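Biologist: Could you walk me through the pockets and cavities in this model, and tell me how each label is earned?
Modeller: Gladly; let's look at it together.

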Amino acid sequence: MTTPLIGTSWKMNLTPSLAAAYCTALRALVADVEDRTLFVLPPFTAIPAARAALAGSNVAWGAQDVHPLDSGAHTGDVSAPMLADLGCTFVEVGHHERRRDHREDDELIARKVAAVQRWGMTAILCVGETSKTTIAAAEKHVSDQLRRAGEFDIARLVIAYEPAWAIGVGAESAPSDWVAGVHAAVHRRLENLTGGRSVPVIYGGSVDLDGAAPLLATAGVDGLFVGRHALTAEGFARIAHTPPVGGAPEAAVAPRT
Ligand code: PEP
């Protein structure tokens, strides 16, 4: 039996006080969830509050970014050993907003994946095309973004397919056939690069309560990465409880720890 991965990044939202309230509420709301791996990615400042509220629960916590180096003169940055010391399980790298706002490229992002894995955490590597053209173009784009994936520790890797055009206020989730096509391409690419070993591939981009079930039932979708519709504990908990259309999840894989 495999386990879908369902998580949220709060982006630049929620103070430490609000994070404590969110996580305390979430812990109780999802205590009955046994068939999903759940995680929250607060801003750096709120990770200690998340840890305090979630330690010993069925919700893991992590971070939204990391510096590729372990220490040094890098004002304002946060390193992988700092995150590991805070008990982080997952660290997101390569989100579209980091690529767009901080000019991060695939080479830098690969170094960040390596840093995360060096410290025993699982990297959630975001890939996705910026504009909506064709499924074939999207497949090529994400395949190119994954060209370094053969160098990564596959046991500590999750891929998040997040088409930029499907992210954020005013956007809509990518349709199921699009998601199925690109996820199949990501799985094929990863299997080629890793000698057939499987890597979980989760979908993110305007996932809401209505969309969660059909997405979880889409072939090749191993979980969901939720943004604005999980900015309350109740919102995240409802999505965490969503049964997939048609019953048991298919093709879902838990991250190895
Ligand atoms: C995201 O940007 O990673 C994301 C999933 O955001 P949203 O769900 O708000 O589109």
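Biologist: Which residues line the largest cavity?

Modeller: Arg-99, Asp-106, Ile-109, Ala-110, Leu-125, Gln-145, Arg-148 and Phe-152 do. Before we go on, this is a predicted model, where local features need pLDDT of at least 70, side-chain atom pairs count only at pLDDT 80 or more, and totals for chains, interfaces and linings use all residues. Residues are numbered from 1 along each chain as its sequence is written, and side-chain values use heavy atoms, with hydrogens and water left out.

Biologist: Why is one space called a cavity and another a pocket?

Modeller: Both come from a 1 Å grid over the protein atoms alone. A cavity is a set of points where a 1.4 Å probe fits but cannot get out, while a pocket is an open set with protein on both sides within 12 Å along at least five of seven lines. Lining residues have an atom within 4 Å of a point. The whole structure has two cavities of 30 Å³ or more, and the largest cavity holds about 50 Å³. These volumes are the space filled by probe spheres set on the grid points, which are joined across faces, edges and corners.

Biologist: What gives the largest share of that cavity's lining?

Modeller: Helix α5 (residues 106-118), with three residues. Helices here are DSSP runs (H or I, at least four residues), as strands are (E, at least two), numbered from the N terminus.

Biologist: What makes that lining four nonpolar, one polar and three charged residues?

Modeller: The classes are fixed: Ala, Val, Leu, Ile, Met, Phe, Trp, Tyr, Cys and Pro are nonpolar, Asp, Glu, Lys and Arg are charged, and the others, Gly among them, are polar. Gln-145 is in the lining, and Gln therefore counts as polar.

Biologist: How big is the largest pocket, and what lines it?

Modeller: The largest pocket has about 360 Å³ of space. Of its 14 lining residues, Lys-11, Met-12, Gln-64, Glu-97 and Arg-98 are the closest to its centre. Helix α4 (residues 96-102) gives the most to this lining, four residues.

Biologist: Where is the ligand?

Modeller: The ligand takes the space of the second largest pocket. A molecule sits in a pocket if more than half of its atoms lie within 2 Å of the pocket's grid points. This pocket has a volume of about 270 Å³. Among its 20 lining residues, Lys-11, Ile-167, Gly-168, Gly-227 and Arg-228 are the closest to its centre.

Biologist: How do you know that His-95 makes a polar contact with the ligand?

Modeller: A polar contact is a pair of N or O atoms within 3.5 Å; within protein, one must be able to donate a hydrogen and the other to accept it, and residues adjacent in sequence count only if both atoms are side-chain atoms. An N or O atom in the His-95 side chain is 2.8 Å from a ligand oxygen, so the pair qualifies. A backbone N or O atom of Gly-168 is also 2.8 Å from a ligand oxygen, and the side chain of Arg-228 has an N or O atom 2.9 Å from one.
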